Amino acid sequence: MAPGLLFKIKRILHSGYLNLLKSYLNEHQFEAQFNGETSSRFHIYSGVPQGSIPGPLLYVLHTFYLLTTSETSLGTFADDTAIFANHEDPRIASLNLQEHLYIIEKWLKKCKISLKNPSHRT
């Protein structure tokens, strides 16, 4: 479970939502079905179920304080974020993007968030 997210929920939303979302984010399990066979259940220790209705809201709550810079801007939709940089010199635009990624990396570590590469699903 993400304690940072629950802290933000407690600060932003009505207190009644805290227990509901704590229950939602805690103790998830999954199983897989293939060719009529079902696997054992496994615990999920972090994240929000893919395609869940509250998933985008929880993402926005969690990333609401994501840092910005004067040289870059953020665009978000549902659970995706893009960083944009505009400069007449592409090398400077690239450096500005890299600097923003470094800032986000520090923010992620502070919030104890790990990223997963979607192309390396297990």
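**A quick tour, starting from one threonine**

Okay, let's start with a single spot: the side chains of T69 and T72 are joined by a polar contact of 2.4 Å. Before I go on, keep in mind that this is a predicted model.

So where does T69 sit? Look in the loop between α3, residues 55-63, and β5, residues 72-77. The T69 side chain also has a polar atom 3.3 Å from the backbone nitrogen of E71. And if we skip residues up to four places away in sequence, which ones does T69 touch? Those are H100 and I103.

Now let's zoom out. How many helices and strands does the protein chain have? There are four helices and six strands. If you walk along from the N terminus, you meet them in the order α-α-β-β-β-β-α-β-β-α. The chain has 122 residues, and 20% of them are buried. Its accessible surface is about 9800 Å², with 57% of that belonging to carbon and sulfur atoms. As for contacts with a separation of 6 or more, 37% are between residues 24 or more positions apart.

Next up is helix α2, which covers residues 16-25. Which of its residues are buried? L18, L21 and L25 are. Looking down the axis of α2, you'd see those buried residues fall within an arc of 80°, so they line one face of the helix. Here's the bit of background that helps: an α-helix has 3.6 residues a turn, so residues three or four places apart point the same way. Go round to the other side of α2 and you find N19, L20 and S23, which are exposed. Notice that L20 is a leucine on the exposed side, while L18, L21 and L25 are buried.

Last stop: a pocket. Rolling a probe the size of a water molecule over the atoms shows where empty space is left. The second largest pocket here holds about 200 Å³ of space. Its lining is made up of F7, K8, R11, Y65, L67, K106, W107, K110 and C111. Two elements give two or more residues to that lining, namely α1, residues 3-12, and α4, residues 90-111. Which one gives the most? That's α4, with four residues.

If you want something to try on the screen, find T69 in its loop between α3 and β5, then look for H100 and I103, which it touches. After that, turn α2 until you can see L18, L21 and L25 on their one face. That's me done, thanks!

Note on methods: Residues are numbered from 1 along each chain as its sequence is written. This is a predicted model: local features need pLDDT of at least 70, side-chain atom pairs count only at pLDDT 80 or more; totals for chains, interfaces and linings use all residues. Side-chain values use heavy atoms; hydrogens and water are left out. Buried means under 20% relative accessible area, exposed over 50%, partly exposed in between (1.4 Å probe, protein chains only). Contact means heavy atoms within 4.5 Å. Accessible areas come from the Shrake-Rupley method with a 1.4 Å probe; for residues, only the protein chains shown count as cover. The arc is that of the directions from the helix axis to the C-beta atoms. A polar contact is a pair of N or O atoms within 3.5 Å; within protein, one must be able to donate a hydrogen and the other to accept it, and residues adjacent in sequence count only if both atoms are side-chain atoms. On a 1 Å grid over the protein atoms alone, a cavity is a set of points where a 1.4 Å probe fits but cannot get out, and a pocket is an open set with protein on both sides within 12 Å along at least five of seven lines; lining residues have an atom within 4 Å of a point. Grid points are joined across faces, edges and corners, and a volume is the space filled by probe spheres set on the points.
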